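Here is a set of short exercises to work through with the structure open beside you. Try each task yourself, then follow the solution step by step.

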Amino acid sequence: MNTFFGIIHYGEDTLIYNLISSIELEDEDYIFILNHNLLNTLSFESSFIKTIHKASNLGFAIGMNFLINKAIELKFKNFIAINNDMVLKKRAAQNIKIRLEAKTILQGTLINEKGFVLSARNLLAKNFYWVKSIDRHKKVKEISSEDTDFICGGFFAIDLIGFKNRPILFDEDFFMYHEDIEWSKRLKEEGYQFKVIRNALAIHYESSATGGKITRVGMLYRWNSLLILLKKLDKSFFYNFISIILFVARMLFAWIRYGFR
């Protein structure tokens, strides 16, 4: 079988219908939706779209691991994960698939409705935890390299042929946020490389699944996941202290600029 599209769905059903309509399937491709809404109100006419309903939302890491394991169990060749608050641009899925190869994890390029980059390459600071999205607000044609320090979990792809022999899955201690950074660290230790595919474009409607705004709950998720990440990184007191100060400063900036819901 060819490609398994894994999607975790939570929030308004309109999100998933918009995403599904943008995915161009090829022979033997299937879409698998893990629906975490309380009620499963999704309905599709296509036999190539499967819905699995689990009303208990145990978080991104557990949900994504479930989908990856399902793809391996069903003997798919490729796995592509996409957040439900996205819409793929023309040939995005095909463009990321043709670049898949062993020991390389690929990430699509996330843009806004005007075509400016939201997430492409990311750099991690060495002496404290800080992420710099170096392409944010640029035009796609201005992205000068495909190398990134970690894979963004919102839109990524895996060649399952070699991966299934020794799968490296998300750490299920995380509920939401930072799990992709910790996952990428372990992948890198196993010799994997990361690439951003500049012509695999997805419009990202940021935070649409939770109402489209920054929330106090969202900030709490970020804070808790940061503490988990710092514990797992096992860095110095100085590293942790500076990381926490910078996180608080960033959250204060977000509060002043955007407000909280």
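**Exercise 1. Find where Y205 sits, say how covered it is, and list its contacts.**

Step 1: Y205 is placed in the loop between β11 and α6. Helices (H or I, at least four residues) and strands (E, at least two) are DSSP runs, numbered from the N terminus.

Step 2: Y205 has a relative accessible area of 30%, so it is partly exposed. Buried means under 20% relative accessible area, exposed over 50%, and partly exposed in between (1.4 Å probe, protein chains only).

Step 3: Leaving aside neighbours within four places in sequence, Y205 is in contact with D85, V87 and E113. Contact means heavy atoms within 4.5 Å.

Step 4: Now relate Y205 to E26: they are 179 residues apart in sequence and 25 Å apart in space, C-alpha to C-alpha.

A word on the ground rules: this is a predicted model, in which local features need pLDDT of at least 70 and side-chain atom pairs count only at pLDDT 80 or more, while totals for chains, interfaces and linings use all residues. Residues are numbered from 1 along each chain as its sequence is written, and side-chain values use heavy atoms, with hydrogens and water left out.

**Exercise 2. Work out which parts of the chain the salt bridge between E26 and K97 ties together.**

Step 1: Start with the idea. Side chains of opposite charge can pair when their charged atoms come close. A salt bridge is a side-chain nitrogen of Lys or Arg within 4 Å of a carboxyl oxygen of Asp or Glu.

Step 2: By this rule the count comes to 14 salt bridges. In one of them, E26 pairs with K97, with the closest N and O atoms 2.8 Å apart.

Step 3: E26 belongs to the loop between α1 and β2, and K97 to helix α3 (residues 92-97), so the pair ties together parts that are 71 residues apart in sequence.

Step 4: Check the cover. E26 is partly exposed at 37% relative accessibility, whereas K97 is buried at 9%.

Step 5: Look for further partners: E26, D29 and K97 are linked in a network of salt bridges.

**Exercise 3. Do the same for D171 and K232.**

Step 1: These two form a salt bridge, and the closest N and O atoms of D171 and K232 are 2.9 Å apart.

Step 2: D171 lies in the loop between α4 and α5 and K232 in helix α6 (residues 216-233), so parts that are 61 residues apart in sequence are tied together.

Step 3: D171 is buried, with a relative accessible area of 16%, while K232 is partly exposed at 32%.

**Exercise 4. Describe how β11 pairs with β5 and β6.**

Step 1: Two strands pair if DSSP finds at least two bridges between them.

Step 2: Strand β5 (residues 86-88) runs antiparallel to strand β11 (residues 193-204), and 3 bridges join them. Here L88 stands opposite A202 in β11.

Step 3: Strand β6 (residues 104-111) pairs with β11 in the parallel sense, over 7 bridges. Here I105 stands opposite F194 in β11.

Step 4: β11 also holds a charged partner, since the side chains of K195 and D147 meet in a salt bridge (2.5 Å, N to O). K195 lies in strand β11 and D147 in the loop between β9 (131-133) and β10, so the pair ties together parts that are 48 residues apart in sequence.

**Exercise 5. Compare the expected span of helix α2 with the distance between its end C-alpha atoms, then find what its buried residues pack against.**

Step 1: The expected span of a helix is 1.5 Å times one less than its number of residues.

Step 2: Helix α2 (residues 60-73) has 14 residues, so it should span 20 Å; its end C-alpha atoms are 20 Å apart, which agrees.

Step 3: The buried residues of α2 include F60, M64, L67 and I72.

Step 4: The buried residues of α2 pack against several elements, among them β1 (3-9), β4 (78-82) and α5 (179-189).

Step 5: After α2 comes K75, whose phi is positive, near 65°. Likewise, G191 just after α5 takes a positive phi of about 90°.
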